[in-house]
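Student: Hi! Could you walk me through this structure before I set up my calculations?
Tutor: Happy to; let's put it on the screen.
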2 protein chains.
Amino acid sequence: MTDPSPTPIVQFDALRAFISRALVRVDLPPSDAEVVAQLMAQADLQGSDGHGVIRLPQYVKRIRAGGINTRPNIRVVQERAAMATVDGDNAMGHLVVSRAVDLAIVKAREAGVAWVGTRHSNHAGPASLYARMPVAHNMIGLYFAVGNANHLPAWGGMDMLLSTNPIAAAIPAGVEPEIVLDMATTVAAYGKVKAKAKRGEMMPEGWMIDRQGKPLLDPKRSEEGFLLPIGGYKGYGLALIVGLLAGTLQGAAMGKDVVDFNKDSVTPTNTGQAILVINLEAFGEVSVFKSAVDTLVQDIRASERLPGVDRVWLPGEQSHARRQAYGEHGIPVANALVTELEALAKDLGIEPMKLA
Amino acid sequence: MTDPSPTPIVQFDALRAFISRALVRVDLPPSDAEVVAQLMAQADLQGSDGHGVIRLPQYVKRIRAGGINTRPNIRVVQERAAMATVDGDNAMGHLVVSRAVDLAIVKAREAGVAWVGTRHSNHAGPASLYARMPVAHNMIGLYFAVGNANHLPAWGGMDMLLSTNPIAAAIPAGVEPEIVLDMATTVAAYGKVKAKAKRGEMMPEGWMIDRQGKPLLDPKRSEEGFLLPIGGYKGYGLALIVGLLAGTLQGAAMGKDVVDFNKDSVTPTNTGQAILVINLEAFGEVSVFKSAVDTLVQDIRASERLPGVDRVWLPGEQSHARRQAYGEHGIPVANALVTELEALAKDLGIEPMKLA
């Protein structure tokens with residue numbers, strides 16, 4: 001018996017080109033479309049498939065509704081030797097955050113460390129993309145963002161004043177792949193809940209609770225409950241601090257001002273993000289640091305394992321493996337998504353995504 | 001029936017003076033002893049009683065064993081506009097970290113943001129003490145430290161290459177108390193396990209596992225198992241990143257180089273810590289930021305609550321209340337600790353701690 005519907009495969013360049021075509025069609029300047037398409041395709045390339053081309057229909061919808069400024073004046077509005085605030089003028093988030101990271105790298109080269117935040121930005125894809133950018137410059141990246149929909153109440157509360165506010169960190173290594181952590185401050189990201197609902201599966205206990213504080217297991221009832229933070233009140237504290245650093249500090253939305261971009265495609269989100277870049281060169285010999293990271297990675301990997309555990313992974317190691325495999329063999333795209341993207345292409349009057 | 005042993009009370013100044021006497025007796029210069037005593041007493045004042053005077057016997061033991069340098073040359077060994085590395089010369093950690101925070105505040109005043117790390121430092125008490133220092137200067141503090149004993153393996157592993165590596169953050173508010181998060185990256189700090197053992201209580205499931213991966217509930221068997229990170233692999237990733245930032249980046253101990261200061265009082269620990277200071281003034285009107293924090297705090301506090309929840313707390317709010325109550329009425333000290341401190345005073349030939 002042959003598989004009736006093998007998973008379609010798209011090559012990185014074909015994916016990037018398709019996204020770019022779609023964005024140009026809805027009036028992004030070609031150079032901006034190219035930057036966004038490159039980052040969205042990189043998300044899929046590393047397996048962050050909840051943040052890649054799957055978001056394209058939503059982005060197109062928002063752009064068409066006037067909820068994104070396609071001719072933005074992205075500019076620095078506050079600046080010192082080791083910090084800046086970038087006003088994104090409601091541009092696509094990928095453009096705003098890339099600009100912030102580039103500036104932080106330049107500043108960290110001199111000052112040793114730099115913090116650049118954004119306001120009037122938008123959803124920008126997976127946090128790890130931006131945390132990883134400084135690594136090629138022998139720099140550490142730490143990234144904080146305010147999530148684009150509130151699904152998390154304060155610990156003990158029910159008003160959803162917080163989002164899954166992610167943290168990402170990327171640490172250069174020597175012969176080993178860089179260490180890359182990219183985590184929501186909730187046990188499960190909301191995208192995972194939506195994916196469970198789509199597949200008709202139940203959620204494990206610990207992901208969500210209902211308004212009685214009881215475990216909520218049916219993802220189709222997710223609107224009746226709340227996500228749970230990691231480590232209970234600790235994750236609540238982390239989500240709050242990340243939101244204050246990425247949002248409030250930058251003059252971006254936080255708390256009740258956060259716009260749910262799943263339900264509202266028009267109101268500017270005033271999304272905030274922040275990147276901290278640490279220039280290894282300022283701290284001593286870069287090679288000494290990298291060797292120390294390699295040793296730690298190798299010690300962890302060689303660690304004795306709990307019964308039933310095949311391998312001890314480093315954060316980012318599985319994404320690294322996927323980048324290599326998908327770069328060589330192409331990126332798998334779910335059949336349902338391919339169908340959705342074909343409809344989008346038809347709707348936009350552009351050439352559909354070329355499958356491998 | 002009267003309580004046979006009411007909890008003894010000590011006033012802040014009496015506590016501070018006692019700690020200072022003890023440290024001077026083991027050869028700390030009076031001005032250094034005063035700095036350390038002030039910080040240790042502040043730990044007890046805010047209810048961080050696992051990091052206050054309870055540590056004095058251990059510190060004295062280490063100093064007498066030659067494991068702490070009482071005449072250190074604490075100095076800056078790397079420096080740029082927005083960063084520095086402070087070599088603590090194996091001094092008491094409180095002295096080294098205070099110096100690092102002071103320097104970070106000065107640098108952030110100009111550069112907007114500054115990162116100062118330590119190497120050859122030692123245990124310095126609760127992370128929140130240092131994160132809070134910049135708040136009086138209208139600055140945010142973020143603090144990272146490598147814990148002084150490894151009790152955490154990588155996720156799936158059994159080699160204890162990681163510690164509870166804490167994170168602390170302090171965010172200035174306006175009329176509200178500052179928001180202060182101070183958390184270990186494990187579900188329970190190891191001190192809590194030791195406290196359960198002392199009281200003869202069992203641990204709840206989720207704190208520790210044994211070498212079969214099964215829940216470990218008896219704290220007396222803690223040496224046979226491992227702490228669990230918050231959020232599973234997420235907390236493992238956080239502990240790893242915090243250790244790399246606070247330890248490896250600074251040239252301080254991390255991974256298998258971490259010295260267990262509970263078992264070894266002689267070997268220099270080469271402890272690493274790092275503080276990131278963010279100067280609000282660089283980002284815009286300080287009063288606007290503080291008002292936004294106040295509003296968020298008030299929205300969270302006024303949140304609808306889950307059944308059975310009396311109050312929604314902000315991180316740091318309970319410590320804040322304790323600082324006020326203990327400052328007014330004195331600090332409770334467990335009878336067993338009072339006895340231990342009396343024995344220490346006798347041993348050192350100093351006046352015992354004066355109880356209220």
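Tutor: We can talk through the interface, a strand pair and some salt bridges, keeping in mind that this is a predicted model.

Student: Let's start with the interface. How many residues of chain A are in contact with chain B?
Tutor: 81 residues of chain A are in contact with 81 residues of chain B.

Student: And what is the area buried between chain A and chain B?
Tutor: About 6,300 Å², and carbon and sulfur atoms give 71% of that. On the chain A side, A:Arg80, A:Lys234 and A:Phe283 lose the most area to chain B, and together they make up 11% of what that side buries.

Student: What about charges, so how many salt bridges are there between chain A and chain B?
Tutor: The count is four. One of them pairs A:Arg211 with B:Glu304, with the closest N and O atoms 3.1 Å apart. For polar contacts between the two chains, the count is 28 residue pairs, both residues at pLDDT 80 or more.

Student: Which helix gives the largest share of chain A's side?
Tutor: Helix α7 of chain A, residues 233-246, with nine residues touching chain B. As for composition, the chain A side divides into 50 nonpolar, 17 polar and 14 charged residues.

Student: Switching topic to strands. Is β7 of chain A mostly covered or open?
Tutor: Mostly covered: four of the five residues in β7(A), which spans residues 179-183, are buried.

Student: Which strand does β7(A) pair with, and in what sense?
Tutor: With strand β6 of chain A, residues 167-171, in the antiparallel sense over five bridges. Within that pairing, A:Ala168 stands opposite A:Asp182.

Student: Back to salt bridges. How many are there over all chains?
Tutor: A search of the whole structure finds 32. A good one to look at is A:Glu176 with A:Arg301, where the closest N and O atoms are 2.7 Å apart. That pair links distant parts of the chain, 125 residues apart: A:Glu176 is in the loop between β6 and β7 of chain A, while A:Arg301 belongs to helix α8, residues 286-301.

Student: Are those two buried or exposed?
Tutor: A:Glu176 is buried, with a relative accessible area of 13%. A:Arg301 counts as partly exposed because its relative accessibility is 25%, and the buried class stops under 20%.

Student: What else does A:Arg301 meet in a salt bridge?
Tutor: A:Glu317, at 2.6 Å from N to O. A:Arg301 lies in helix α8 and A:Glu317 in helix α9, residues 317-329, so the pair ties together parts of chain A that are 16 residues apart in sequence. A:Glu317 is buried too, at 8% relative accessibility.

Student: And in chain B, which residue forms a salt bridge with B:Glu317?
Tutor: B:Arg311 does, with the closest N and O atoms 3.1 Å apart. B:Arg311 is partly exposed at 36% relative accessibility, whereas B:Glu317 is buried at 8%. Over in chain A, salt bridges that share partners join A:Glu176, A:Arg301, A:Arg311 and A:Glu317 into one network.

Student: Nice, so that network holds both of the A:Arg301 partners we talked about, A:Glu176 and A:Glu317.
Tutor: Right, both are listed in the network along with A:Arg311.

Conventions
Residues are numbered from 1 along each chain as its sequence is written. Chains are lettered from A and ligands numbered from 1 in the order in which they are written. This is a predicted model: local features need pLDDT of at least 70, side-chain atom pairs count only at pLDDT 80 or more; totals for chains, interfaces and linings use all residues. Side-chain values use heavy atoms; hydrogens and water are left out. Contact means heavy atoms within 4.5 Å. Buried area is the accessible area (1.4 Å probe) that two parts lose on being put together, summed over both. A salt bridge is a side-chain nitrogen of Lys or Arg within 4 Å of a carboxyl oxygen of Asp or Glu. A polar contact is a pair of N or O atoms within 3.5 Å; within protein, one must be able to donate a hydrogen and the other to accept it, and residues adjacent in sequence count only if both atoms are side-chain atoms. Helices (H or I, at least four residues) and strands (E, at least two) are DSSP runs, numbered from the N terminus. Ala, Val, Leu, Ile, Met, Phe, Trp, Tyr, Cys and Pro count as nonpolar, Asp, Glu, Lys and Arg as charged, and the others, Gly among them, as polar. Buried means under 20% relative accessible area, exposed over 50%, partly exposed in between (1.4 Å probe, protein chains only). Two strands pair if DSSP finds at least two bridges between them.
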